[in-house]
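Grab a coffee and work through these exercises with the model open beside you. Try each task before reading its solution.

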Amino acid sequence: MRMLEYFAYQSPLRNKHPIEKMGFALIPLILNIVFQNVLTSIFIFCIMTVITLIIGKVPIRLYLKLLLIPVVFLISSILVILLNFSTNPIEGAIFQSIIGPVTISISITSVEKALMLFVVALSSISCLYFLILSTTIQDFLYGLRCCKVPTTLLDLIALMYRFIYIFLDSSRTIYLAQIARLGHSSLLNSIKSIGLIISALFIKVFQEMKDLNNAINARSVDGYSAVISRELHFSTSSWIFTLLVNLFIIVFYFTVGRVG
């Protein structure tokens, strides 16, 4: 989390208007979901990855590590689609194995569905990574406020984001204290220690919420002001670049994507 925040603050795109970056990330994401085309999704993934690495100056090593996280979950998800379980053998299966009364098979249709799910999801993730690695939470909230999102919702997003760090810092501190006291020396001790961490985290969060509420009331503020405005201006060149990229995606889909 802290590493993502660091690169968002250090990004060369940080001073671009958040609505421009949100549009650049979300329009290809919508096209990716609407088209549902393997080649087009791969094309979108390549575009967003190249822009994130070259223009956003994100280290390729970090980017690959970030991609590895969703890939693990995607592989476990597509296995459910890829494998067919039945009591009778399936004709035309490219792989088939009989284990007792159950027949496990892989068909061409299941491979196509699994491949479609994998590339569409991975391409969508690359669009979101561009936004995450180039936009801080404050700029993101500022962009949402420009889109007339209710202030209450913005406050909730900011508070949830804040308490993520409280959870991480508190859990790390408690975990290190437990290790120092041999709290994870065995499986039974680890289970007990994890339970203590969970209960201590709930208490910590409730206490932080109480302190935050008292601080707001002490300053006579009507609600929690989450958004900090910055002097950011729209750039014509950015919108032209966004338009060109999305035109390339649409042209690719109707020429190469549909033919492939």
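**Exercise 1. Two aromatic neighbours**

Keep in mind that this is a predicted model. Work out whether Phe254 is buried, partly exposed or exposed, then do the same for its ring partner and classify the pair.

Solution. Start with Phe254: its relative accessibility is 47%, so it counts as partly exposed. That label follows because the partly exposed class runs between 20% and 50%. Now Tyr253: this residue has a relative accessible area of 13%, so it goes down as buried. For the geometry, the ring centres of Tyr253 and Phe254 sit 5.0 Å apart with planes at 75°, which makes the pair edge-to-face. The angle settles it, because planes over 60 degrees apart count as edge-to-face.

**Exercise 2. Another pair, and a cluster**

Say how the rings of Tyr6 and Phe7 are arranged, and find how many aromatic pairs the count comes to.

Solution. The count comes to nine aromatic pairs. For Tyr6 and Phe7, the centres are 5.3 Å apart and the planes lie at 80°, so this pair is edge-to-face. Next, look at the surroundings of each residue: Tyr6 is partly exposed at 46% relative accessible area, while Phe7 is buried at 14%. Finally, trace the ring pairs that join up: Phe24, Phe130 and Phe241 are linked into a cluster this way.

**Exercise 3. Check helix H2**

Test whether the end-to-end distance of H2 fits its number of residues, then place Leu31 in the picture.

Solution. First the ruler: H2 has 18 residues, and at 1.5 Å a residue it should span 26 Å. You multiply by one less than the number of residues to get the expected span. The end C-alpha atoms of H2 are 26 Å apart, so the two agree.

Next, cover. H2 is mostly covered, with 13 of its 18 residues buried. Leu31 belongs to this helix, which runs over residues 18-35, and Leu31 is itself buried, with a relative accessible area of 15%. What does Leu31 touch, leaving aside neighbours within four places in sequence? Its contacts are Asn246, Ile249 and Ile250. For a sense of scale, the C-alpha atoms of Leu31 and Val205 are separated by 39 Å, and the two residues are 174 apart along the chain.

**Exercise 4. Follow the chain into and out of H3**

Inspect the residues on either side of H3 and find those with a positive phi. Then check the span of H3 and what covers its buried residues.

Solution. Begin with Gln36, which follows H2 and lies in the loop between H2 and H3. Gln36 is not a glycine, yet its phi is positive, about 50°. With a relative accessible area of 37%, Gln36 is partly exposed.

At the start of H3, a side-chain oxygen of Asn37 comes within 3.2 Å of the backbone nitrogen of Leu39. The span is next: the 18 residues of H3 (residues 38-55) should cover 26 Å, and the end C-alpha atoms are 25 Å apart, which agrees.

Now pick out the buried residues of H3, among them Ile44, Ile47, Met48 and Ile51. Here is a rule worth having: an α-helix has 3.6 residues a turn, so residues three or four places apart point the same way. The elements covering the buried residues of H3 include H2, H4, H5 and H9.

Just after H3 comes Lys57, in the loop between H3 and H4. Lys57 also takes a positive phi, near 55°, without being a glycine. Its relative accessibility is 59%, so Lys57 counts as exposed.

**Exercise 5. Hunt for the salt bridge**

How many salt bridges does a search of the whole structure find, and what parts does the pairing tie together?

Solution. The search finds one salt bridge. The side chains involved are those of Asp139 and Arg14, at 3.3 Å from N to O. Asp139 lies in H6 and Arg14 in the loop between H1 and H2, so the pair ties together parts 125 residues apart in sequence. Is the pair buried or exposed? Both Asp139 and Arg14 are buried.

**Exercise 6. A serine in H8**

Decide whether Ser190 is buried or exposed, and list what it touches.

Solution. Ser190 is found in H8, residues 187-218. Its relative accessibility is 17%, so Ser190 counts as buried. Not counting residues up to four places away in sequence, Ser190 touches Gly183 and His184.

Technical notes: Residues are numbered from 1 along each chain as its sequence is written. This is a predicted model: local features need pLDDT of at least 70, side-chain atom pairs count only at pLDDT 80 or more; totals for chains, interfaces and linings use all residues. Side-chain values use heavy atoms; hydrogens and water are left out. Helices (H or I, at least four residues) and strands (E, at least two) are DSSP runs, numbered from the N terminus. Buried means under 20% relative accessible area, exposed over 50%, partly exposed in between (1.4 Å probe, protein chains only). Contact means heavy atoms within 4.5 Å. A polar contact is a pair of N or O atoms within 3.5 Å; within protein, one must be able to donate a hydrogen and the other to accept it, and residues adjacent in sequence count only if both atoms are side-chain atoms. A salt bridge is a side-chain nitrogen of Lys or Arg within 4 Å of a carboxyl oxygen of Asp or Glu. Rings of Phe, Tyr and Trp (its six-membered ring) pair if their centres lie within 6.5 Å; planes under 30 degrees apart count as stacked, over 60 as edge-to-face and the rest as tilted.
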